[in-house]
Amino acid sequence: MDPFRLREFEAQLDYWLQQGYQIMADEADGEIRLTVIFVARAGDPGKEREQIFWPMVAETVEMLTQRGVQISRATV
């Protein structure tokens, strides 16, 4: 994976986590579908962010796992 793109993903993920967003990840057609949800604090309304897709490669899987985000994998 392109190191620059990987750093962009890492910076975005770290920003979400530092801001207290809840992150859900699941496998969708060979990619990682991330759903980022604002967790309301002190009466603030919560709103769901748009879902985004990241490539399902070893680097992104490891980055998510190291930060405690588990990837849900559907079983058929």
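## Overall layout

Helices (H or I, at least four residues) and strands (E, at least two) are taken here as DSSP runs, numbered from the N terminus. With that in hand, welcome to a predicted model, in which local features need pLDDT of at least 70 and side-chain atom pairs count only at pLDDT 80 or more, while totals for chains, interfaces and linings use all residues. Residues are numbered from 1 along each chain as its sequence is written, and side-chain values use heavy atoms, with hydrogens and water left out.

The protein has 2 helices and 4 strands, and along the sequence they follow the pattern α-β-β-β-α-β. Of its 76 residues, 26% count as buried, where buried means under 20% relative accessible area, exposed over 50%, and partly exposed in between (1.4 Å probe, protein chains only). The protein exposes about 5300 Å², with carbon and sulfur atoms supplying 48% of it; these areas come from the Shrake-Rupley method with a 1.4 Å probe, and for residues only the protein chains shown count as cover.

Contact means heavy atoms within 4.5 Å. Among contacts between residues at least 6 apart in sequence, 41% join residues at least 24 apart.

## The sheet

The strands form an open sheet of 4 with the order β3-β2-β1-β4 and mixed pairing. Because β3 and β4 stand at the edges with a single partner strand each, one side of each is left without a neighbour in the sheet. Two strands pair if DSSP finds at least two bridges between them.

Let's walk across the sheet. β2 and β3 pair in the antiparallel sense over 4 bridges, with Arg33 standing opposite Phe53 in β3. β1 and β2 also run antiparallel, joined by 7 bridges, and Ala25 has Leu34 in β2 as its bridge partner. These two strands make a hairpin with 2 residues between them, and Asp29 in the turn has a positive phi of about 55 degrees. On the other side of β1, the pairing with β4 is parallel, over 2 bridges; here Asp26 has Ser72 in β4 as its bridge partner.

How enclosed is β2 by the rest of the structure? It is largely enclosed, because 5 of its 7 residues are buried. One residue of β2 is Thr35, buried at a relative accessible area of 5%. The side chain of Thr35 makes a polar contact with the side chain of Gln51 at 3.0 Å. A polar contact is a pair of N or O atoms within 3.5 Å; within protein, one must be able to donate a hydrogen and the other to accept it, and residues adjacent in sequence count only if both atoms are side-chain atoms.

## Aromatic pairs

The structure holds 3 aromatic pairs. Rings of Phe, Tyr and Trp (its six-membered ring) pair if their centres lie within 6.5 Å; planes under 30 degrees apart count as stacked, over 60 as edge-to-face and the rest as tilted. Trp16 and Trp54 are stacked, at 6.4 Å centre to centre with 20 degrees between the planes. This pair links distant parts of the chain, with Trp16 in helix α1 (residues 3–18) and Trp54 in strand β3 (residues 52–55), 38 residues apart. Both rings belong to buried residues: Trp16 has a relative accessible area of 9% and Trp54 one of 2%.

Tyr21 and Phe38 form an edge-to-face pair, 5.8 Å centre to centre and 65 degrees between the planes. Tyr21 lies in the loop between α1 and β1 (22–28) and Phe38 in the loop between β2 (31–37) and β3, so the pair ties together parts 17 residues apart in sequence. Tyr21 is buried at 11% relative accessible area, whereas Phe38 is partly exposed at 24%.

## The nonpolar core

A nonpolar core is a set of buried Ala, Val, Leu, Ile, Met, Phe, Trp, Tyr and Cys residues joined through side-chain atoms within 4.5 Å. Of the 15 residues in the largest one, Leu13, Trp16, Ile32, Leu34, Trp54 and Leu64 touch the most other members. Helix α1, strands β1 and β2, and helix α2 (58–66) each supply at least two residues of this core.

Which residues form one aromatic cluster with Trp16? They are Phe9 and Trp54. Leaving aside neighbours within four places in sequence, Trp54 is in contact with Phe9, Leu13, Trp16, Glu31, Ile32, Leu34, Thr60, Met63 and Leu64.
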